[in-house]
Structure formats: structure tokens, C-alpha cells
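Subject: Structure handover

Hello,

Please find the structure below. Some notes on what was found in it follow.

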Amino acid sequence: MKVVALIVAAGLGRRMNAKISKPFIPIFGKPIIAYTLEKFEQCKFIERIYLVVNRKEKDLYLKDIILKYNFTKIQELVEGGKTRQDSVYNGLKALDTDTDIVVIHDGARPLIEEKLIQDSIEAAQKYGAAILAIPIKDTIKKSKKYMFINGTLDREKIWRAQTPQSFKYDIILSAYKKAYQDKLWTTDDAAIVERYGHKVKMIIGSEENIKITTPFDIIIAENFLKRKFLF
């Protein structure tokens with residue numbers, strides 16, 4: 001079984017208000033994206049890594065990430081698109097046609113555990129499509145406008161999607177092709193597969209598997225990493 005990882009790191013992370021692109025922001029001296037790639041480099045089930053990046057930063061990735069940290073599984077630096085969906089599609093089209101399972105992961109989720117990568121691969125092999133998700137703890141309200149509540153959702157039925165999201169390659173590629181034909185735009189890979197009739201298995205994710213989006217998330221990630229270093 002040929003399993004590849006598709007790591008999406010083409011976004012600039014404007015909400016970080018940083019002078020450098022988000023993947024290169026250091027945590028304890030190491031770039032965010034290096035932490036992420038390490039987990040997939042070390043995972044014995046991952047044969048190859050395809051890294052989707054901003055076109056203007058390819059040389060930086062080669063010199064400051066791939067060569068510096070000696071990542072040997074990275075097969076190709078794929079040029080990202082205007083949106084995350086475009087970037088993922090570019091990555092999917094770059095994969096070898098004999099790929100069995102593709103594991104799609106946000107480059108800005110550096111605290112993913114190797115065991116969860118493995119679990120997502122096994123679930124995708126069994127069910128065709130699988131994602132990590134964690135249950136909502138807070139009460140969720142709806143509001144149409146003017147900040148007045150117009151409904152309360154049942155939190156027992158609501159989950160926060162995470163990555164990796166893993167799929168049999170033929171399923172996700174076919175769904176993406178149809179999405180572009182139908183002009184369907186989403187921010188979630190599983191939503192595209194769901195749209196075209198395939199059930200997606202959920203696996204319990206981890207509270208530590210945060211997506212770094214704002215400066216506050218850096219503080220959270222630092223605290224999680226400190227705990228790992230200490231214990």
C-alpha cells in the first residue's frame with residue numbers, strides 16, 4: 001500500500017502580523033513547518049511527502065527547511081494556489097497515479113501525534129475517508145444579524161474538524177474534479193467528499209493538535225512543547 005502525505009503550507013498567515021510567512025515563524029528556534037514535517041518524516045507508514053508551498057518561497061524551503069533539517073521523504077515542492085482548496089488540488093494532481101492513500105495535513109498544525117497519523121491511515125484504508133475531530137465543549141449559538149441569538153445548536157452533534165484528513169486517492173481526486181466542475185468551494189477536504197456521497201469516518205483527535213493562526217496560538221504551542229520537553 002502506497003501512502004503519501006500532502007502537507008499544505010502555501011498560506012502567508014496574515015493574521016499572525018509577522019514579517020515572515022507563518023510556516024517559517026520559529027518556536028524555540030525551529031520553524032513551525034519543521035515540527036510538522038518531522039512527524040510525517042518519522043512516521044513509518046508514510047512513504048513520500050508532497051509539500052505545497054508559495055511559489056516565491058520554494059528556494060527558502062529547499063535551503064532553510066529541507067536541507068537544513070535533512071528531510072529525505074519530501075518528493076516535491078508543489079506550487080500553491082489562490083485558496084487552500086486550489087493548493088490541495090494542485091497537490092493531488094502532482095501525486096503518482098499508483099498512490100493508494102493520501103494524508104492531507106495543515107502545515108500549521110505542528111503538534112500532531114504520530115499515532116493519530118497512523119490511526120487516520122488505517123481508517124481511510126477501511127472506510128475510504130477519515131478525519132480527526134474533537135467534540136465541542138461550549139454551547140453553540142446561531143445569530144443572523146445584529147448579534148441577537150436565533151437558535152442554540154445541540155453540541156452533542158457538533159465536532160471541530162482537524163487534520164490530517166486521509167482518503168483513498170481515487171475517492172478524493174474524483175471528488176475534487178467534480179467540485180471544480182460544479183464550482184463548489186469549501187475550506188475542508190472532507191466536505192467535498194461528503195458532497196459527492198461518500199461517508200467520512202471520524203476519529204477522536206487531540207486538543208493539542210491546534211492550528212496556529214494567531215500570535216496567541218504560538219503561546220499555546222510553546223506551552224504544549226514545554227510539557228513534552230519536561231516529561
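Helices (H or I, at least four residues) and strands (E, at least two) are DSSP runs, numbered from the N terminus. This is a predicted model: local features need pLDDT of at least 70, side-chain atom pairs count only at pLDDT 80 or more, and totals for chains, interfaces and linings use all residues. Residues are numbered from 1 along each chain as its sequence is written, and side-chain values use heavy atoms, with hydrogens and water left out.

His105 is part of strand 6 (residues 101–106). His105 is buried (under 20% relative accessible area, 1.4 Å probe, protein chains only), at a value of 0%. A polar atom of its side chain lies 3.0 Å from the backbone oxygen of Arg109. Beyond four places in sequence, the contacts of His105 (heavy atoms within 4.5 Å) include Leu6, Phe40, Ile112 and Asn209.

The largest nonpolar core (buried Ala, Val, Leu, Ile, Met, Phe, Trp, Tyr and Cys residues joined through side-chain atoms within 4.5 Å) has 30 residues, and Leu37, Phe40, Ile46, Leu51 and Tyr61 touch the most other members. Strand 6 is among the elements that give two or more residues to this core, while helix 4 gives the most, with five. A second, separate core of 28 residues includes Leu6, Ile172, Leu173 and Val193.

Ile172 and Leu173 are among the buried residues of helix 5. Helix 5 runs over residues 169–181, and strand 6 and helix 3 (84–94) are included in what covers its buried residues. Lys183, with a positive phi near 55 degrees, follows helix 5.

Regards

Notes. Buried means under 20% relative accessible area, exposed over 50%, partly exposed in between (1.4 Å probe, protein chains only). A polar contact is a pair of N or O atoms within 3.5 Å; within protein, one must be able to donate a hydrogen and the other to accept it, and residues adjacent in sequence count only if both atoms are side-chain atoms. The expected span of a helix is 1.5 Å times one less than its number of residues.
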